[in-house]
There are 4 protein chains.
Amino acid sequence: MDTPTGRRLPFADLLGIEITNAEDGHARGHIDLSEKHSSNPNAMIAHGGVAYSLADTVGGAAAISVAEGVTPTVDMRIDYLAPATDGRIEAVAEVRRLGGSVAVVDIEVTDGDGEHVATARGTYKTGGNRSGTPWTEGRN
Amino acid sequence: MDTPTGRRLPFADLLGIEITNAEDGHARGHIDLSEKHSSNPNAMIAHGGVAYSLADTVGGAAAISVAEGVTPTVDMRIDYLAPATDGRIEAVAEVRRLGGSVAVVDIEVTDGDGEHVATARGTYKTGGNRSGTPWTEGRN
Amino acid sequence: MDTPTGRRLPFADLLGIEITNAEDGHARGHIDLSEKHSSNPNAMIAHGGVAYSLADTVGGAAAISVAEGVTPTVDMRIDYLAPATDGRIEAVAEVRRLGGSVAVVDIEVTDGDGEHVATARGTYKTGGNRSGTPWTEGRN
Amino acid sequence: MDTPTGRRLPFADLLGIEITNAEDGHARGHIDLSEKHSSNPNAMIAHGGVAYSLADTVGGAAAISVAEGVTPTVDMRIDYLAPATDGRIEAVAEVRRLGGSVAVVDIEVTDGDGEHVATARGTYKTGGNRSGTPWTEGRN
């Protein structure tokens, strides 16, 4: 995977993560599954960490597209809906909330048949200081 | 990583995950970090998917140690506490609840200095007999 | 809140939860906010437990509409998107996955202006017959 | 429930939440269960929102004890371990991570027999600006 400056990201490369789009709070990416992604020596069933790593990376790309600075993951929940067995898995991410200190991002992971593989929701730290959002105005 | 029958697990091997213990609802494992785990081309900061994949694998090993059959992950939440920068990260998992259909497992990930890197909590499906689980048949 | 047999549910009544629809894996309900829901003695800002309790109840109604028997909540994650300050908050739930042992349900909570207040995702146990579930016997 | 200035908090009063201690990142509180907390017209089984509301409130008290300003809940995950049927449920909260923008808090809910009822983990927004934590130094 290339950064905007053309540098490669080692772990994304190890897994074959490709980000194809990231703007305005939305991002998209995929992994072409192969035997190395399997959790099983006998059959191709992708390890849960494959869909997670794709979701986390694409979710972060969506957050970066609208927030200032680096946006590390604070927490993420992933729910597995069906096993990923072969072909391409694709993730689509959308920023649901963008606050002064955190962003909430939803990520859907599907397989080549459009079947849902996993659904994830992450909180990312943001660096921008946005005054006057409903959030910063006071909630407890 | 070897299975009980000596077969290797491809994704665990790709990441260098080693499980060193799994019995009575507890499990332990680690990854020796190297450049391939980095999310960053300039500095060694492990991608969030590294700690997650370790946590998911060690948590599953704890579940398998007390539940019958395959125990696919239903959902997992991970909270990142500090960046993992080098050396070994270790995960310790403990089954918190074991029911007829699901198990709840807590996993703590620390670095070589004993510093907390992440804390995760997963729900794993339990109870199927080894053949013909929904997971292997096409999860439902 | 009335059950199908016309009996009232005490905690739902205490909070003013009304379920208006539940069929085919979808459900809808609301709470009309008043001072008792506030977390704050000086201003009406609903306590986080209000949106949560609504989400959990409506999510359970969606699960019950397609699963047999009682469907206790296994786990739930809620993300708060904006404060709920007055008027009606409404929840819409949709079953995302229905398996033999668990269902995954998404719930969106909005306020009277259609603004998102919270988004939640729960795992509910499914599959038991109505009598003798682990929940009623002493959950396992 | 009294605030430090002696004012009452409506929703905490409605549910009977009492906070008995909050300092140095730890807090403790309880609810004495009665019929109003039940999700069931026939038997006393506390609604999931009862343990959640207690956990959220005690977790927030732990966060406030070490963070500056108001600490609204960003997100929370709760896992139910056993039904709460009567007597007192108690929550103990501990801040696991305190960063410049968010705090992670663990909360354990037990019943009068010391049995685990639920375990929760929340992210709370914090207002303090703490420079030089591992978190703010860069993680992605």
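A salt bridge here is a side-chain nitrogen of Lys or Arg lying within 4 Å of a carboxyl oxygen of Asp or Glu. Keep that in mind as we walk through this predicted model, starting at the place where two of its chains meet.

By that rule, D75(B) and R77(A) form a salt bridge, with their closest N and O atoms 3.3 Å apart. Across the interface of chain B and chain A, the rule finds two salt bridges. Polar contacts add to the picture: 14 residue pairs, both partners at pLDDT 80 or more, are counted between chain B and chain A. On the side of chain B that touches chain A, at least two residues each come from α1 (10-15), α2 (48-64), β3 (73-80) and α3 (134-138) of chain B. The largest share, eight residues, is supplied by β3(B).

How big is this meeting place? The size of an interface is often given as the accessible area lost when the parts come together. For chain B and chain A, that comes to about 2900 Å² buried between them, with 63% of it on carbon and sulfur atoms. Counted by residues, 34 of chain B are in contact with 34 of chain A.

Now for how the two copies are related. A turn of 180°, with a shift of 0.0 Å along the axis, lays chain B on chain A with an RMSD of 0.1 Å. That is the relation of a two-fold axis. The same surface serves both copies, since 91% of the contact residues of chain B recur in chain A. As for the axis itself, R77(B) comes closest to it among the residues of chain B, at 2.0 Å for its C-alpha.

Let us turn to the residue with that number in chain D. R77(D) sits in strand β3 (residues 73-80) of chain D. With a relative accessible area of 1%, R77(D) falls under the 20% cut-off and is therefore buried. Its side chain makes a polar contact with the side chain of D79(D) at 2.7 Å, and also reaches the backbone oxygen of R121(B) at 3.2 Å. Leaving aside residues up to four places away in sequence, R77(D) touches residues including D75(B), R77(B), R77(C) and T119(D).

Finally, have a look at helix α2 (residues 48-64) in chain C. At 1.5 Å a residue, its 17 residues should span 24 Å, and the end C-alpha atoms are indeed 24 Å apart, which agrees. Of those 17 residues, 16 are buried, so α2(C) is largely enclosed by the rest of the structure.

Notes
Residues are numbered from 1 along each chain as its sequence is written. Chains are lettered from A and ligands numbered from 1 in the order in which they are written. This is a predicted model: local features need pLDDT of at least 70, side-chain atom pairs count only at pLDDT 80 or more; totals for chains, interfaces and linings use all residues. Side-chain values use heavy atoms; hydrogens and water are left out. Copies are superposed by least squares on the C-alpha atoms of residues with pLDDT of at least 70 in both. Contact means heavy atoms within 4.5 Å. Helices (H or I, at least four residues) and strands (E, at least two) are DSSP runs, numbered from the N terminus. The expected span of a helix is 1.5 Å times one less than its number of residues. Buried means under 20% relative accessible area, exposed over 50%, partly exposed in between (1.4 Å probe, protein chains only). Buried area is the accessible area (1.4 Å probe) that two parts lose on being put together, summed over both. A polar contact is a pair of N or O atoms within 3.5 Å; within protein, one must be able to donate a hydrogen and the other to accept it, and residues adjacent in sequence count only if both atoms are side-chain atoms.
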